[in-house]
Amino acid sequence: QGVQANEYIYTALIDACAKRMDVQTADRVLDAALEDDRVKPNMHMFTAMIDMNARAGRAGKVKSLWTEMLQAGIQPDTPAVNSVISALDKSASLDDVIELSRQVQAMTTVVELDCTSYSALIDAHAKRGLVKEAAQLFDEMLSRNISPDSPLLVILIDMYGKCGSLEQ
């Protein structure tokens, strides 16, 4: 009583729901925040929602949250990008992954991709047999002076091994 919700309270509630994987309550809290004229939705709200839904295997919800966030003019941060890529990599169609890849690559002036970002993008392409595109992403990563880590090298070895080009 007497306390008016603001973006910090809504964000804390969403984060608490995310920690408990309480997807339904988090959905209701986000809906309430979006309907509250006094509250400006922020990247932290969406990042918590995206990450929780990604962990819950709800790729469709992740995709709609991503779209909603961008339409609200909220620029995603690297963790949000990584969660979206990872979620769509696990359960989305090839077209969804390619579209997300295009969107993310267009944002590289705003969002700084890291090795995790590139690993997820490369893995998504490799799993779908898009070796050339995965290799291009790896080259782009190197041109940005981002060093590959061991998990990414395993992804590349597996990809080239499956296509018979292990010498790469």
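Here is a short tour of a predicted model, one selection at a time.

**Stop one: a helix pair.** Select residues 131–143, which make up helix 8, and residues 150–162, which make up helix 9. Look down the pair: the two pack at an angle of about 150°, and their axes lie 11 Å apart. Angles over 145 degrees count as roughly antiparallel, so helix 8 and helix 9 are roughly antiparallel to each other. Their crossing is left-handed.

Now show side chains at the contact. On the helix 8 side, pick Val131, Ala134, Ala135, Phe138 and Met141; they meet Leu152, Leu156, Met159 and Tyr160 of helix 9. Colour that set by residue class and you get nine nonpolar residues, with no polar and no charged ones.

**Stop two: phenylalanine 46.** Jump back along the chain to helix 3, residues 43–55, and pick out phenylalanine 46 there. Its relative accessible area is 1%, so phenylalanine 46 is buried. What does phenylalanine 46 touch, leaving aside residues up to four places away in sequence? Show Leu30, Leu34, Pro41, Leu65, Glu68, Met69 and Ile74 to see those contacts. While you're here, draw a distance from the C-alpha of phenylalanine 46 to that of alanine 80: you should get 7.9 Å, for two residues 34 apart along the chain.

**Stop three: cysteines.** Select cysteine 17, then cysteine 115. Are they buried or exposed? Buried means under 20% relative accessible area, so cysteine 17, at 5%, is buried, and cysteine 115, at 11%, is buried too. Don't go hunting for disulfides, though: with sulfur atoms required to be within 2.5 Å, the count is zero.

Note on methods. Residues numbered from 1 in each chain as written. Predicted model: local features only at pLDDT ≥ 70, side-chain atom pairs only at ≥ 80, totals over all residues. Heavy atoms only, no water. Axes fitted to C-alpha atoms, helices over the stretch in contact; angles between N-to-C directions. Helix = DSSP H or I, 4+ residues; strand = E, 2+ residues; numbered from the N terminus. Parallel < 35°, antiparallel > 145°, perpendicular 65-115°, else oblique. Left-handed = near helix turned anticlockwise from the far one by under 90°. Contact = heavy atoms within 4.5 Å. Nonpolar A, V, L, I, M, F, W, Y, C, P; charged D, E, K, R; others polar. Buried < 20%, exposed > 50% of the residue type's maximum accessible area, 1.4 Å probe, protein only.
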